[in-house]
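Hi,

Here is the structure I promised to pass on to you. Have a look at it first, and my notes on what turned up follow below.

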Amino acid sequence: MSISITGLVKSFGHYAALRGVDLNVRPGEFLALLGPSGSGKTTLLRILSGLEAPDAGRLTIDGADISHQRARDRQMGFVFQHYALFRHMTVAENVAFGLRVKPRAQRPANAEIGERVDSLLRLVQLERMGDRYPAQLSGGQRQRVALARALAIEPRVLLLDEPFGALDAKVRKELRRWLRGLHDEMGLTSIFVSHDQEEALELADRVAVMSDGRIAQIGTPLEIYRNPANAFVCEFLGNTNRLDCVIENGRAAIGDQLFYASVPADAGRLRGIAYVRPEDCELRPSADAPGLKAKVVKVFAAGPTTRIELRRLESDEVIEALLPHGAVAPQPGTEVALGFRQLRVFPAPNT
Amino acid sequence: MSFLKRAFTDGSNPVGEPVGVRAILIGVAVAYLFVMLVLPTGAVFVEAFRKGLDAYFGAIEQRHALAAVRLTLLVAAIAVPANLVFGLAAAWAIAKFEFRGKSLLITFIDLPFSVSPVISGLIYVLLFGAHGWLGPTLDALGIKIIFTVAGLVIATIFVTFPFIARELIPLMQEQGTEQEQAAISLGASGLQTFFRVTLPNIIWGLLYGVLLCNARAMGEFGAVSVVSGHIRGKTNTMPLHIEILYNEYDFVGAFAVASLLCLLAFVTLALKSLLEWRFGEHLAAERHH
């Protein structure tokens, strides 16, 4: 199912949750809506499901306008962050709910509902839990019941609101791999909301980074990680060092060092911010080598990479560098020259 | 809980009170309960049977006494369902939606608790009475409210108004709307959502509220007294009938009817205890989820 969203606007009182969102979701895609809390990602998901009505904008599925369709008619599988299981019903009754509330003419016979529920419970690996109540299940099991319940209505699109938010780290990793497998196996089109960039980058085919009610950038995980379109995406994705600089003639000056910057040369002289990922930092052992002068403060060698905390001699700014496994780390207290393999420069927001 | 048990059986418990203090506290509580509750209730039955069983049943089988019982049950049978519907609607609106004037509505729901029942009765006399605001209009239409069963029902509804709503509002507020949203996203209609999701989630709290409301509806005196007009066999409920008998020095009659009212209260209490015993976990679960 392809989904197209154009010009979506939504406010709650004076608070603008969405300020004009355009988004196209491709059939079979697993799309992540990634952003900090308050960026509008959950509102967008709820509008897609019909649980919230937009103030303006258009939604279409496979070309058909669904902007004014009621939530109950949209056939969108919605998985709530806290599962929202019916706690007075057993697991099997929860899963059967969407089938039982169908109009009489479309409702499957009882035996068929039973079979469908059984096969869905097998699918989410809960085949022997049908008689249990939600309160008797672990978090990960509840999550899978919520998923089975949403899948029972054969949804056109699966919408997941922070699907792993309430789970502990280990269950989370397992469940997200399993979910990705399920998505591919069933040929679903899924959209999930997350504030965890690692999760979104690992799981999704494409990631839409949201900020302040707008989509800041959309692309494959690699694209947005490698080529962030703006300062927000750069800062939100992954660990990054932030250094003040001055941009002039297509170059950025950090201290006395000049770096190439992809800012138009005719923009004049302006203040900017340079972002450098720790893994793009290069430590040159001699203090006379070209680069930013810095002093090693701490070395964290335990782990797959060696993390080094440095302090710039000129400005006291703290910089973090990652050295690959096996690299020789300098001793704390040594002075080094810092080179950057790659850095991104954006004009500072107030200029 | 086991540490509590130990605290009450083991005198050496470091945080427990000395045995003497404990005995005094328990003694005071029991004595208070006995004097204020058990003794008066016992007195009702003792007085009712003072002149023997025949006199007791004779008093109950009187035409007017039976009429009072029927009327009390009738009034409760109308007032309780009316407040059930209203209470559910109000609790639903308050718990599941945001709207202007919500806190005002909550305050109004509590009004009958804070106003003296006699005043509540008077309000309706002022509104619907022969010389009241709406009296002449109603009169012209041939509708009589004051001194009729309609008046009794309205006054009772007013007084017992908060019980069900008050029981449901915190319950429904705590449960939020996520389960309803889930039901709708799964294709359920509004009615299906209500009967399959909302109602089962609040059913025990609702029954509890209905019982409390019913107990009060049957026992209400003040508001009903003002609008009743005390027409024997027509507008006298049990509490009003008891007062009349008592004022006429028919003590056996008064206490016999009072004992019936007590029995109705006992039935209510027994049902409530049964609910708590049988479905205590559900009640607690509704409160704490």
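Buried residues make up 41% of the 289 residues in chain B. Keep in mind while you read that this is a predicted model, and that the numbers here were computed from it.

Staying with chain B, you'll find 14 helices and 0 strands there, so to speak one α after another along the sequence. Its C-alpha trace spans about 60 × 60 × 30 Å along the principal axes. Of the contacts in chain B with a separation of 6 or more, 73% are between residues 24 or more positions apart. The accessible surface of chain B is about 16,000 Å², and carbon and sulfur atoms account for 71% of that. On the charge side, chain B carries 19 positive and 19 negative side chains, with the centres of the two sets 2 Å apart.

Now for chain A. Here there are 9 helices and 20 strands. The C-alpha trace of chain A spans about 80 × 45 × 35 Å along its principal axes, and 49% of the 351 residues count as buried. Residues 24 or more positions apart make up 66% of the chain A contacts with a separation of 6 or more. Chain A exposes about 16,400 Å², with 49% of it supplied by carbon and sulfur atoms. It has 45 positive and 42 negative side chains, and the centres of those two sets lie 4 Å apart.

Next, a pocket to look up in your viewer. The second largest pocket has a volume of about 320 Å³. Its lining draws on both chains: A:R46 and A:L51 are there from chain A, and from chain B you'll see, among them, B:W92, B:K96, B:F97 and B:E98. Further along chain B, the lining also includes B:T177, B:E180, B:Q181, B:I184, B:G190 and B:T193. Which helices of chain B each supply at least two residues of that lining? They are α4 (63–96), α10 (178–185) and α11 (190–219). With 3 residues, α10(B) gives the most.

While you're on helix α4 of chain B, stop at B:A89, which sits in that helix. Is B:A89 buried or exposed? Neither, quite: B:A89 has a relative accessible area of 45%, and because anything from 20% to 50% counts as partly exposed, that is the label it gets. B:A89 is 17 residues from B:I106 in sequence, and their C-alpha atoms are 13 Å apart in space.

Helix α13 of chain B, residues 238–247, makes a good contrast. It is mostly covered, with 7 of its 10 residues buried. Those buried residues are B:M238, B:P239, B:L240, B:H241, B:I242, B:I244 and B:L245. Just after α13(B) comes B:Y249, which takes a positive phi of about 65°.

B:H241, in helix α13 of chain B, is worth zooming in on. Its relative accessible area is 1%, so B:H241 falls under the 20% cut-off and counts as buried. What does B:H241 touch, leaving aside residues up to four places away in sequence? The list is B:H64, B:A65, B:A68, B:N236 and B:V257. One of these, B:A65, is 176 residues away from B:H241 in sequence, yet the two are 7.1 Å apart in space, C-alpha to C-alpha.

That's what I have for now. Happy browsing!

Methods:
Residues are numbered from 1 along each chain as its sequence is written. Chains are lettered from A and ligands numbered from 1 in the order in which they are written. This is a predicted model: local features need pLDDT of at least 70, side-chain atom pairs count only at pLDDT 80 or more; totals for chains, interfaces and linings use all residues. Side-chain values use heavy atoms; hydrogens and water are left out. Helices (H or I, at least four residues) and strands (E, at least two) are DSSP runs, numbered from the N terminus. Buried means under 20% relative accessible area, exposed over 50%, partly exposed in between (1.4 Å probe, protein chains only). Contact means heavy atoms within 4.5 Å. Accessible areas come from the Shrake-Rupley method with a 1.4 Å probe; for residues, only the protein chains shown count as cover. Lys and Arg count as positive and Asp and Glu as negative; His and the chain ends are not counted. The place of a charge is taken as NZ of Lys, CZ of Arg, CG of Asp or CD of Glu. On a 1 Å grid over the protein atoms alone, a cavity is a set of points where a 1.4 Å probe fits but cannot get out, and a pocket is an open set with protein on both sides within 12 Å along at least five of seven lines; lining residues have an atom within 4 Å of a point. Grid points are joined across faces, edges and corners, and a volume is the space filled by probe spheres set on the points.
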